[in-house]
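Student: Could you take me through one part of this model up close? I'd like to hear about one helix and its surroundings, and then whatever connects from there.

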Amino acid sequence: YSIIFAGDFNQCEPVGMIDKEKLWHPFSSRHFENNINCCIILDGLHRFKDDEEYGLILQKLCSGDMTQADVDRINERVVGTGGVALPRNLEGDTCYACSKNSQRNAITAAIFREHLRQTHPEADSAEEPPGHTVIIKGLIEPSISSDRRIGSVMRRRIVQLGDNDMRQDTTLVSPHLCCYNGAYFMCNSNDELKEQGIGNGTQCRLIRVKLREDQTSYKCEVWDGRKVWTVCASDVEFVEFEHYPIRNGVAKSFKLMPKRFYVAVKVLPHDIATETITMKCRVTQLPLNASDAITGHKLQGLTKDNVIVKGWNKSVKWIYTVLSRVRTLAGLFIFEKLQLRDIKPPSREYLDFLERMKKKENEDLERAMRIWRSGPPNGAGNGHGDAGKLVDRFQHRPRRLRPYHGRLSLLPGSEAGH
């Protein structure tokens with residue numbers, strides 16, 4: 001058998017994807033669809049078993065049948081209306097959903113600023129900062145191919161940027177990482193995929209930071225008006241994390257070491273500059289991004305107890321991806337009303353593909369029912385009624401593989417492939 005478990009094709013598409021690259025689109029090669037010889041659509045509401053009404057609303061969003069009443073139901077979760085308030089401490093796995101990385105950076109910075117305000121002394125205080133928090137600053141160096149010198153002022157400017165301004169190809173690299181006990185992160189590299197099973201998108205929570213014995217950069221600095229410990233990434237031996245959310249009550253931990261990235265950085269060259277310049281450099285940093293706030297693309301495949309939406313992207317796939325990450329309507333908190341007129345319906349090509357798959361599913365189910373009703377060959381049986389007849393039919397009839405010529409099928413007897 002060649003079996004493909006596919007999603008609903010209604011998630012966020014890769015940035016820059018064109019129609020001919022979409023497996024289901026008529027402009028594609030159609031190789032994917034033409035090689036489907038059996039289709040079963042799993043349309044249950046297992047993710048929303050605790051709130052089936054919410055699950056049905058999302059099904060209608062997916063098919064382009066969402067009504068104003070459905071939108072009004074979602075808008076009952078607008079913070080500050082109808083008694084909805086955002087708790088200071090939310091139970092369970094929680095994140096902000098963002099449409100842009102710049103918005104994600106702003107939310108992440110605000111969360112850390114509040115953390116400093118609550119736990120760290122002011123800049124003019126004689127008190128030392130607590131040891132549970134440290135900012136790991138990337139080591140910024142000129143790229144091998146560049147003769148541009150990076151002075152201390154420019155280095156400081158770069159370190160204070162968000163990861164939206166520093167990229168290695170499509171990978172966002174963090175100029176600084178705000179680390180404290182229990183801080184949430186997401187891995188951005190597949191280098192440890194074979195060794196530790198950690199890949200791009202792995203979620204984790206910080207346990208501890210281990211500095212090198214010969215480190216020289218650990219010192220107290222002022223950050224957002226508060227005193228905080230900082231250290232250069234090159235002086236970090238490793239950082240230990242645990243997978244989060246914890247599965248089956250067992251917390252699995254792993255360690256990451258700093259690595260070198262070759263990045264392009266967008267930075268203002270001086271205080272009165274109004275336009276950024278792009279420069280290339282090397283940076284030593286851990287392969288992580290903060291994940292208190294996550295974009296729609298990175299949210300795909302995740303399940304959250306609570307999702308906080310600051311503003312809407314008008315793409316129906318972004319809206320569906322974000323709303324379907326949370327299990328119940330009660331776990332959704334929004335700061336801006338969703339407007340029905342802003343929801344772009346799914347494309348005609350996508351809906352046509354779904355109709356073709358539903359038609360194929362009906363044909364496959366009808367064929368299965370014919371096998372079910374016909375019973376086992378030569379009167380054979382196993383004593384378990386009709387259910388046993390279908391089992392017997394597949395057990396007693398010879399199975400053979402069709403030679404592969406673009407389609408792979410397992411043929412029971414002379415029937416069509418199932």
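Tutor: Here is a walk that begins at helix H8 and moves outward through rings, charges and a pocket. Keep in mind that this is a predicted model.

Helix H8 covers residues 316-323, and eight of its eight residues are buried, so the helix is largely enclosed by the rest of the structure. Going along it, you pass Val316, Lys317, Trp318, Ile319, Tyr320, Thr321, Val322 and Leu323, buried one and all. So what does the covering of these buried residues include? There are helices in it, namely H2 (52-63), H3 (68-75) and H7 (296-299), and also strands: E1 (94-98), E17 (306-309) and E18 (332-334).

Let's stop at one of those covering helices, H3, which holds Ala69. Is Ala69 buried or exposed? Its relative accessible area is 53%, and the cut-off for exposed is over 50%, so Ala69 counts as exposed. So H3 is part of the cover over H8, yet it carries an exposed residue in Ala69. If you want a distance to check on screen, take Ala69 and Ile57: they are twelve residues apart in sequence, and their C-alpha atoms are 9.6 Å apart in space.

Now back to H8 itself, and to Lys317. This lysine is buried, and its charged end sits over the ring of Tyr350, 5.8 Å from the ring centre. Tyr350 is a good place to turn to the rings, since the structure holds ten aromatic pairs. In one of them, Tyr350 meets Trp24 edge-to-face, with 5.5 Å from centre to centre and 75 degrees between the planes. Why does this pair tie together parts far along the chain from each other, 326 residues apart in sequence? Because Trp24 belongs to the segment before helix H1 (31-34), while Tyr350 belongs to helix H9 (residues 348-374). Both partners, Trp24 and Tyr350, are buried.

Set beside that the pair of Phe241 and Phe254. Their ring centres are 5.8 Å apart and the planes meet at 25 degrees, so this pair is stacked. Phe241 is in strand E11 (residues 236-243) and Phe254 in strand E12 (residues 253-256), so here the parts tied together are 13 residues apart in sequence. Phe241 and Phe254 are buried too. Elsewhere among the aromatics, Phe9, Phe32 and Phe353 make up one cluster. There is another lysine over a ring as well: the charged end of Lys255 sits over Phe238, 4.3 Å from the ring centre.

For the last stretch, pick up strand E1, which we met in the cover of H8. E1 and helix H4 each supply at least two residues of the lining of the second largest pocket. That pocket has a volume of about 980 Å³. Its lining counts 24 residues, and those nearest its centre are Arg88, Asn89, Tyr96, Ile111 and Asp292. By type, the lining splits into 13 nonpolar, six polar and five charged residues. Which element gives the most to it? That is H4, with six residues.

While you're on H4 (residues 101-119), have a look at His115, which lies in it. With a relative accessibility of 15%, His115 counts as buried. Leaving out neighbours within four places in sequence, it is in contact with His120, His132, Thr133 and Tyr180.

Terms used:
Residues numbered from 1 in each chain as written. Predicted model: local features only at pLDDT ≥ 70, side-chain atom pairs only at ≥ 80, totals over all residues. Heavy atoms only, no water. Helix = DSSP H or I, 4+ residues; strand = E, 2+ residues; numbered from the N terminus. Buried < 20%, exposed > 50% of the residue type's maximum accessible area, 1.4 Å probe, protein only. Contact = heavy atoms within 4.5 Å. 1 Å grid on protein atoms, 1.4 Å probe; cavity = no way out; pocket = protein on both sides within 12 Å on 5 of 7 lines; lining within 4 Å. Points joined across faces, edges and corners; volume = space filled by probe spheres on them. Nonpolar A, V, L, I, M, F, W, Y, C, P; charged D, E, K, R; others polar. Phe/Tyr/Trp six-rings, centres within 6.5 Å; stacked < 30°, edge-to-face > 60°. Lys NZ or Arg CZ within 6 Å of the ring centre and 35° of its normal.
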